[in-house]
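Visitor: Please take a close look at one part of this model, the part where confidence is lowest in your account, and then place the unusual backbone spots around it.

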Amino acid sequence: MGNTTSGEAAKKTAEQEEEARKASEAARAAHNRSLKPKLANGMTRILDAGDLMFLNTRLPVTPRASVWSALYLSYRDGKSFTSLVHSVRNIKNTLIIIKDDGGQVFGLFAGDQWKLPEDLDEEATKEKARAARESRMGRKYVPKKSEGDANFFGDGNCALVGIKPDQSLHRPTRQNSNFMYLQTKWPEKEANGLAMGGMVTRRL
């Protein structure tokens, strides 16, 4: 009788352990699914599930989105810089993924909006108008001023991301405010482009 009871207890313990293991695996799977965002409006041909989880857990954005919208896909929208700019202009929290001819994959995350010079000029005009308005009301207002190259913009909530072959995340040093750069109409064609960091004559 004692051996039977002992055997039943051992069987019950084993069943409980198996149930606990399955519950743990299910919870882990659910957690992993929550870390991997769903892609809307298209599918990536560059990133795999592990890449998406890495990006969603490391990018400096809050709250984390459960669905990412594909604003631009080269295979869908054509390899056009103009189309890319049109897709990301004045949009916050964008991630641009690039795969070079050597197979390396990297990205640029921008928490602030990508802005063309005309967008920056419009902002500057609004800032001056606000300063004048506040002055008339007897209040002091200091317009926002960049501490770097005037061609750059952004609030520092950005990052360069290494994805393949190695995963890495590089935040700004904040030695200056040369965070983001976007230009399409300069006569000097080498100055046209999209970049993070550096200077107009030496961009990253």
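Guide: In residues 29-34 the pLDDT, the predictor's confidence in each residue from 0 to 100, stays under 50. For this stretch the model has 2 contacts beyond four places in sequence, a contact being heavy atoms within 4.5 Å. Where pLDDT is low, the predicted coordinates should not be read in detail. The protein averages a pLDDT of 80, and 76% of the residues score at least 70.

This is a predicted model, in which local features need pLDDT of at least 70, side-chain atom pairs count only at pLDDT 80 or more, and totals for chains, interfaces and linings use all residues. Residues are numbered from 1 along each chain as its sequence is written, and side-chain values use heavy atoms, leaving out hydrogens and water.

Now the backbone. Most residues other than glycine have a negative phi, and most peptide bonds are trans. The bond from K164 to P165 is cis, with omega near 10°. P165 sits in the loop between strand 6 (158-164) and strand 7 (168-170); helices (H or I, at least four residues) and strands (E, at least two) are DSSP runs, numbered from the N terminus.

N93 has a positive phi, near 55°, and lies in the loop joining helix 4 (81-88) and strand 3 (94-99). With 42% relative accessibility, N93 is partly exposed; buried means under 20% relative accessible area, exposed over 50%, and partly exposed in between (1.4 Å probe, protein chains only). R174 also has a positive phi, near 65°. R174 belongs to the loop between strand 7 and strand 8 (180-183), and is exposed at 52% relative accessible area.
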